[in-house]
Amino acid sequence: MANASGFASPSIPTLRTQTNPSGFRISRSGVYPFERINKWVFQCNAVVGKVESGVSSSQSRLPRVGQGCKLVGCGSAVPNLLISNDDLSKVVETSDEWISVRTGIRNRRVLAGNEKLTNLAVEAASKALQMAQVEADDVDLILMCTSTPEDLFGSAPQIQRALGCTKNPLAYDITAACSGFVLGLVSAACHIRGGGFQNVLVIGADSLSRYVDWTDRGTCILFGDGAGAVLVQACDGNEDGLFGFDLHSDGDGQKHLNAQIKNGNVDDETEKLGSNGSVLDFPPKRSSFSEIQMNGKEVFRFACRCVPQSIVSALEKSGLSGSDIDWLLLHQANQRIIDAVSTRLEIPPDRVISNLANYGNTSAASIPLALDEAVRSGRVKPGHTIATAGFGAGLTWGSAILRWG
């Protein structure tokens, strides 16, 4: 299976197993009744077994030696409301020239009225399924990559319901800010390679406009809302489309980009004291999140330093070089970052995918949103190799080398 720095080599250690009186074989990869199984070999990325007939559907979802995965469908959706740089200049001291020169952004889409992020995610996922010609009931797993769920406990199950997945596949959220979609891709690969899943929906969707200080021209000019999705499907190893990856985080950098929880403060001492004079900490005050706080210069330095290193590392683990890459697809944060990374990697501008000017920074949605547009416009074709990287709050960053189709 995969590890934090890329896919493991073919030489893979066997997991230890043990038996107990209940008649079950137990390993770190799960618990299975062995009376139905003639032979098991547990490995980090595969299970070799001969399974007799009559095995339940849950038991039949077993990883196979040489299992691969590939991207077979994509989709995207954005809100209706378009906010231009000129529109922003009416609410904050800025101008179209000031914003476009520093960021490359000219427009962004923002949720308004009754629009919901989950609806955008469902629309993007439906388009991905349609392109892949896969029915909703054939989806085994839904990964919702978002930092802005519309339910504290996660939005993925609501997407599963809205898509009409009647078999109740597992659905859960992944929170890793602008790196979320790359982590979702790697997670999908691990579920397919090590868990026997067949069709995994990976959705990147965020609505950071809800957490922006619209009086701060340093941050409000950057962000927009949107959703993008891909369907990752199991395939034979010789068709594998995810070649390698590289993932990192650095909690020390959290101070440079965050939206921290804040508690209600009570200044009146009488409200802090009980009738006997003791200090009361219960019930706790209702909490909320602060607006996005960002040190733009430090985030820029971090991205320009770490992202090229991560992509080079992922390429090395894939056995590839920069000349093997058809497209560079970075998280759409700032055109200056995209240009700096592509220059460092010596990838010419005509091989760089960017739609930042039209949508701004849509966090976890930015990579699948840009990929969907590039595929549907005919720029990205089946067989093309893509180096992609996400980076952002946490701080987190990661890269993946993949093939489309």
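## Helix α3: two sides

Ile-99, Ser-100 and Thr-103 are buried residues of helix α3, which spans residues 96–103. These three sit on the same side of α3 because they cover an arc of only 95 degrees around its axis. The structure described here is a predicted model.

Glu-97 and Val-101 lie on the other side of α3, and both are exposed. The cover over the buried residues of α3 includes two elements given as α2 (85–88) and β10 (107–110), together with α9 (335–344) and α10 (356–359). Just after α3 comes Gly-104, with a positive phi of about 85 degrees.

## Salt bridges within a helix

The count of salt bridges in the model comes to eight. Among them is the pair Glu-123 and Lys-127, whose closest N and O atoms are 3.2 Å apart. Both residues belong to helix α4 (residues 117–132), where a spacing of four residues puts them about one turn of the helix apart. Glu-123 has a relative accessibility of 36%, so this residue counts as partly exposed. Lys-127 has a relative accessible area of 29% and is therefore partly exposed.

Another of the eight salt bridges joins the side chains of Arg-301 and Glu-298, with an N to O distance of 2.8 Å. Helix α8 (residues 296–318) holds both residues, three residues apart, which is about one turn of the helix. Arg-301 is partly exposed because its relative accessible area is 45%. Glu-298, with a relative accessible area of 29%, is partly exposed as well.

## A salt bridge between distant parts of the chain

Asp-240 and Arg-193 also form a salt bridge through their side chains, at 2.4 Å from N to O. This pair links distant parts of the chain, the two residues being 47 residues apart. Asp-240 is in the loop between β14 (225–236) and β15 (242–249), while Arg-193 is in helix α6 (residues 180–195).

Are these two partners buried or exposed? The cut-off for a buried residue is a relative accessible area under 20%. Asp-240 has a value of 14%, so this residue is buried. Arg-193 has a relative accessibility of 10% and therefore counts as buried too.

## Summary

Helix α3 has the buried residues Ile-99, Ser-100 and Thr-103 and, on the other side, the exposed residues Glu-97 and Val-101. Of the salt bridges described, Glu-123 with Lys-127 lies in α4, and Arg-301 with Glu-298 lies in α8. The pair of Asp-240 and Arg-193 connects a loop with helix α6.

Methods
Residues are numbered from 1 along each chain as its sequence is written. This is a predicted model: local features need pLDDT of at least 70, side-chain atom pairs count only at pLDDT 80 or more; totals for chains, interfaces and linings use all residues. Side-chain values use heavy atoms; hydrogens and water are left out. A salt bridge is a side-chain nitrogen of Lys or Arg within 4 Å of a carboxyl oxygen of Asp or Glu. Buried means under 20% relative accessible area, exposed over 50%, partly exposed in between (1.4 Å probe, protein chains only). The arc is that of the directions from the helix axis to the C-beta atoms. Contact means heavy atoms within 4.5 Å.
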